[in-house]
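User: Please take a close look at one part of this model, the nonpolar core, and describe in connected prose what builds it and what lies around it.

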Amino acid sequence: MKQEIILAGFGGQGVIKAGVLLAYAAMKENKRCTHFPSYGAEMRGGTANCSVIISDSLISSPVIGEADTVIAMNEPSLIKFEPRLKKGGLLIYNSSIIASKPKRSDIELLAVPANEIAESVGSAKSANMVVVGAYIAKIKAVSPESVKSSIPIVFPGKEAFLTININAIDKGMAVVK
Amino acid sequence: MNPDIIKYKTGEKILLKGNEAFAEGTVRAGCRFFSGYPITPQNEIPEYLSWRLFEVGGTFIQAESEVSAINMIYGAAACGARALTSSSGPGISLKQEGISYIAAAELPFLYANVMRGGPGLGNIAPCQSDYFQATRGGGHGDYRIIVLAPDSAYEMGNFPKLAYDTAEKYRNPCMILADGLIGQMMEPLEFNFDFVDVEKIPTKDYVVGNCKGREMRVINTLHMSTDILEKHNWDLYRKYEKIKSEFTLFEEKYTDDADIVIVAYGTAARISMAAIMKGREQGIKIGLLRPITLWPFPEKIISQLAQKTGKVLAVEMNTGQLVEDVQMAVNGKAEVYFYGRPGGNIPTGDEILGVAKEALKMKNVEPGRINVLNKI
């Protein structure tokens, strides 16, 4: 198994951290993983993305050419990363704030109203957890248990939001079921 | 030592960025003094140490400039501390004057260059632009720096111990040459060495400070007498020759049956492995020689592999620096190829496999001459 995932959004949406959470869960399952963020000139409101690779065998390059999955949290990310998907790859997009439709017909689409779901569980900021839930339900790269048990380590000092985050993951998974 | 300061157990699996792993590794290896000045893509090193050093009773200083940072390191090293600074290309350039002084004074210390695109301000993307600067000393005068090139978060975390021990053994500065990708990438690692109790590090017999009850020592690099300086230069030379004969590290992969050997370090070596694995699936036999010490350079093994395979391909993220050392090691006895991606662009495994195939096909190539395989 090898999954190459690009997570993208605007700064503040938590795409980098969502990627770390997936990587951490993979490590817990004794899988190989790498997480490579866009770095440097990013800021709140600007664009941010990260590349996460989860694999059963050695990962030589953490840089993704063609992705198996793209998770786009806002419109510019959809425009930028839709072309980077492999044929037959999975595009998860935040339909709460992305008005336009993806263009390609050779990929699988999964629309997730991440902001609405996040607000329904108590915090708009948990939209990143919603798409993580949808992703692990669709592509079983890591188990929900590994992801949920990694939350306190990846988000230290945010114990007050633990339940909200877990609910957001569950609701995200429910979108797929 | 208060056991509470040991953050991670030896062998415990953790997920950190290369920069963070390096920072924790230095503390674990006994670093208690850092001074530096911010620059991307190494900022996680000072950021991490700014809180971590205080947990272990160390000192963290964000200096007003790189020049001031390196001279604080000179002072700390002269007093016997395991001192550390880190930067990226432009900042390392500014530190070169101080590094030359410290090398001349034969003081051990550790520094990291997390390389970015150059020359000039260049950009902040991963690059291997500073190989020449690292392996040729970098600053003025006749000196050498021990250079280690990690290719993973694991090596970023574990090389500091090796670096400090080696630097102190030879009384010589040691540097870690990483790049933006190795620094920024997060991957699982574990520490392979126990947390060093700094109180148990033996006091050095050449350091200054606390001289009550003993004769004063002087650390100085000004030698106005030409005879004294010439002797100092030859003393240094003998030391460098000793390091060369005793401390050369490299990793060899799939070289036994290889028809061509890739020589690459750091990120370029990691990506070359992708090419090698894919090549093997297609029946193409490529081997890898990854220098871990860039100085001393593993010239003997490269010379042997070159004579065995007849073809050597240097892959770098620049326009050709390490390839000159490869060329010298090969010494006219094999074909030398080069493929490079400068400017912060990272080659793909497929790209490298493509050029390796091309090099394998080439005939009647003059041995020893560098054949650039980029379409320029």
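Analyst: This is a predicted model, and a convenient place to begin is chain B, which is divided into domain 1 (3–209 + 237–242) and domain 2 (252–372). The C-alpha centres of these two domains of chain B lie 28 Å apart, and across the boundary 24 residues of domain 1 of chain B are in contact with 21 residues of domain 2 of chain B. On the domain 1 side of that boundary, helix H5 (131–135), strand S6 (146–148), strand S7 (174–179) and helix H7 (180–184) of chain B each supply at least two of the touching residues, with the largest share, four residues, coming from H5(B).

Turning to the core itself, the largest nonpolar core has 167 residues, and those with the most contacts inside it are Leu22(A), Val131(A) and Val312(B). Its largest share, 11 residues, comes from helix H1 (residues 15–28) of chain A, while domain 1 and domain 2 of chain B each contribute at least three residues to this core.

Within chain A, Leu22(A) is in contact with Ile5(A), Val52(A), Ile54(A), Val132(A) and Val142(A), once its neighbours within four places in sequence are left aside. One of these partners, Val132(A), also takes part in the packing of H1(A) against helix H4 (residues 127–138) of chain A. The axes of H1(A) and H4(A) come within 9 Å and cross at roughly 40°, which makes H1(A) oblique to H4(A), and the crossing is right-handed. The contact is made on the H1(A) side by Val15(A), Lys17(A), Ala18(A), Leu21(A) and Leu22(A), and on the H4(A) side by Asn128(A), Val131(A) and Val132(A).

Helix H1(A) also has a part in the meeting of the two chains, where 16 residues of chain A are in contact with 19 residues of chain B. Both H1(A) and strand S2 (32–37) of chain A supply at least two residues of the side of chain A that touches chain B, and the largest share of that side, five residues, comes from S2(A).

In chain B, Ala314(B) is placed in strand S13 (residues 311–316), and this residue counts as buried because 27 other C-beta atoms lie within 10 Å, where 20 or more are required. Not counting residues up to four places away in sequence, Ala314(B) touches Val263(B), Ala264(B), Leu322(B), Val323(B), Val326(B) and Phe338(B). By contrast with these contacts, the C-alpha atoms of Ala314(B) and Leu84(B), 230 residues apart along the chain, are separated by 31 Å.

Methods. Residues are numbered from 1 along each chain as its sequence is written. Chains are lettered from A and ligands numbered from 1 in the order in which they are written. This is a predicted model: local features need pLDDT of at least 70, side-chain atom pairs count only at pLDDT 80 or more; totals for chains, interfaces and linings use all residues. A nonpolar core is a set of buried Ala, Val, Leu, Ile, Met, Phe, Trp, Tyr and Cys residues joined through C-beta atoms within 7 Å. A residue is buried if 20 or more other C-beta atoms lie within 10 Å of its own, exposed if 12 or fewer, and partly exposed in between; C-beta atoms are placed from the backbone. Domain bounds come from an automatic or database domain assignment. Two residues are in contact if their C-beta atoms, placed from the backbone, lie within 7 Å. Axes are lines fitted to C-alpha atoms, for helices over the stretch in contact, and angles run from 0 to 180 degrees between N-to-C directions. Angles under 35 degrees count as roughly parallel, over 145 as roughly antiparallel, 65 to 115 as roughly perpendicular and the rest as oblique. A crossing is left-handed if the near helix is turned anticlockwise from the far one by less than a right angle, and right-handed if clockwise.
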